[in-house]
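Subject: Structure for you to look at, with notes

Dear colleague,

I am passing on the structure that I promised you, and I would be grateful if you could open it and keep it beside you while you read. My notes come after it.

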Amino acid sequence: MDYQAVLEEVAAHARPYVRQGRVADYIPALERVSADRFGIAVADIHGEVYGVGDWEVPFSVQSISKTFSLALVMAQSHGGHDDGIWRRVGREPSGTPFNSLVQLEAENGIPRNPFINAGALVVTDRLQTLTGDASTSMLHFLREESGNPDLAFDQSVADSEAEHGDRNAALAHFMASFGNLENPVPSVIEHYFWQCSIEMSCRDLAVAGGFLARHGLRADGSRLLEAREAKRINAVMLTCGTYDAAGEFAYRVGLPAKSGVGGGIIAVIPGRCTLCVWSPGLDARGNSVAGAAALDHFTTLTGWSVF
Ligand code: DON
């Protein structure tokens with residue numbers, strides 16, 4: 001496969017969609033990002049990386065971090081034999097927006113899945129218990145796995161998330177009232193805001209997400225996850241990774257994927273490669289418009305969806 005040629009064609013196809021949608025404006029630090037940006041990168045399972053456009057420009061990973069927090073918790077839970085996290089968070093699509101409160105009361109403080117905000121807060125809470133410093137342990141993992149030692153938190157993003165964090169605080173307090181948090185709410189939401197604020201490029205994310213395409217093996221060949229655990233993360237990405245648009249996304253793209261309101265989306269082709277696309281204009285569900293168009297075209301051109 002000539003990845004570079006495919007990416008050029010995908011970028012040309014996605015170009016008319018760039019600037020469509022709305023750049024996230026719930027915090028000033030995200031609102032300032034130019035809607036013109038578009039980048040896409042592919043990292044194959046052997047570590048070769050290809051990219052087009054703004055593929056080396058860092059952006060706010062936001063909810064893409066939820067994939068890595070889940071992987072780190074599963075990796076540290078006794079090789080996956082401890083199903084503890086799955087007693088505290090489900091694995092069904094929610095059909096509701098990523099920051100919704102409505103299902104939590106009816107479902108006794110157990111979030112539907114780890115990729116909506118409530119579920120991600122539970123995962124971060126578990127990572128905090130396991131590591132003593134959830135966000136820093138994630139940053140260190142991402143630096144190592146991407147091979148980019150310069151990865152960092154964006155303090156202005158983390159600060160403004162906290163300033164506008166009432167909804168996430170409400171979700172966390174509500175779950176705490178059901179006994180579904182192990183750490184104090186302020187610490188859980190702080191680590192969650194820090195992990196969302198990490199800045200990475202398409203290149204960094206495609207490389208760091210390689211273990212999902214390598215059935216759990218890290219870049220250095222060591223094992224992060226059992227193959228069945230990597231399969232499970234990919235499955236939850238497919239069914240829940242793009243929120244209440246997961247059905248539409250599977251219909252169009254047909255790959256495990258995780259989006260973030262910074263405009264990034266990572267997608268996995270198990271056994272072959274990990275992709276990351278970035279363009280800040282979002283649809284009403286919080287997914288990048290040009291990013292989804294690009295991934296749609298990628299699987300159409302290559303025939304490499306999981307279906
Ligand atoms: O917690 C929040 O609402 C944001 N920091 C992240 C949300 C997000 O990226 C959802 N994605 N589409």
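What follows is an account of what was found, beginning with the ligand and then moving along the chain.

Please bear in mind from the start that this is a predicted model, and that the values below were computed from it.

The ligand

The ligand sits in the largest pocket, which is a good place to begin when you turn the model on your screen. There are 13 residues around the ligand, and those that come nearest are Gln62, Ser63, Tyr192, Tyr243 and Val261. If you sort this shell by class, you will find 6 nonpolar residues, 6 polar residues and 1 charged residue.

Three contacts deserve a careful look, and you may like to display them one after another. In the case of tyrosine 192, a polar side-chain atom lies 2.7 Å from an oxygen atom of the ligand. Glutamate 161 also brings in a polar side-chain atom, which lies 3.0 Å from a nitrogen atom of the ligand. With valine 261 the partner is a backbone N or O atom, and it lies 2.9 Å from an oxygen atom of the ligand. How much of the ligand does the protein bury? Taken alone, the ligand exposes 340 Å², and the protein buries 97% of that area.

Two residues with positive phi

Most residues other than glycine have a negative phi, and with that in mind two residues are worth finding in the model. Tyrosine 243, which is among the residues that come nearest to the ligand, has a positive phi of about 60° although it is not a glycine. Tyrosine 243 lies in the loop between α13 (227-240) and α14 (246-252). Is tyrosine 243 buried or exposed? Its relative accessibility is 4%, and because buried means under 20%, tyrosine 243 counts as buried.

The second is asparagine 108, whose phi is near 55°, again a positive value in a residue other than glycine. Asparagine 108 is found in the loop between α5 (102-106) and α6 (117-131). Its relative accessible area is 51%, and because exposed means over 50%, asparagine 108 counts as exposed.

Pairs of residues to compare in sequence and in space

The loop between α5 and α6 also holds isoleucine 110, which counts as partly exposed at 29% relative accessibility. Isoleucine 110 and methionine 138 are 28 residues apart in sequence, and from C-alpha to C-alpha they are 24 Å apart in space.

Serine 65 has its place in helix α3, which covers residues 65-75, and at 1% relative accessibility serine 65 counts as buried. Along the chain, serine 65 and glutamine 195 are 130 residues apart, yet their C-alpha atoms are separated by 6.3 Å.

Arginine 87 belongs to helix α4 (residues 85-88), and it is exposed, with a relative accessible area of 59%. Between arginine 87 and asparagine 180 there is a separation of 93 residues along the chain, while their C-alpha atoms are separated by 9.7 Å.

Finally, glutamate 8 is found in helix α1 (residues 3-14), where it counts as partly exposed at 43% relative accessibility. The C-alpha atoms of glutamate 8 and glycine 51 are separated by 8.5 Å, and the two residues are 43 residues apart along the chain.

With best wishes

Note on methods: Residues numbered from 1 in each chain as written. Predicted model: local features only at pLDDT ≥ 70, side-chain atom pairs only at ≥ 80, totals over all residues. Heavy atoms only, no water. Near = heavy atom within 4 Å. Polar contact = N/O pair within 3.5 Å; in protein donor to acceptor, adjacent residues only side chain to side chain. Areas by Shrake-Rupley, 256 points an atom, 1.4 Å probe, with all protein chains shown as cover. 1 Å grid on protein atoms, 1.4 Å probe; cavity = no way out; pocket = protein on both sides within 12 Å on 5 of 7 lines; lining within 4 Å. Sits in = over half its atoms within 2 Å of the grid points. Nonpolar A, V, L, I, M, F, W, Y, C, P; charged D, E, K, R; others polar. Helix = DSSP H or I, 4+ residues; strand = E, 2+ residues; numbered from the N terminus. Buried < 20%, exposed > 50% of the residue type's maximum accessible area, 1.4 Å probe, protein only.
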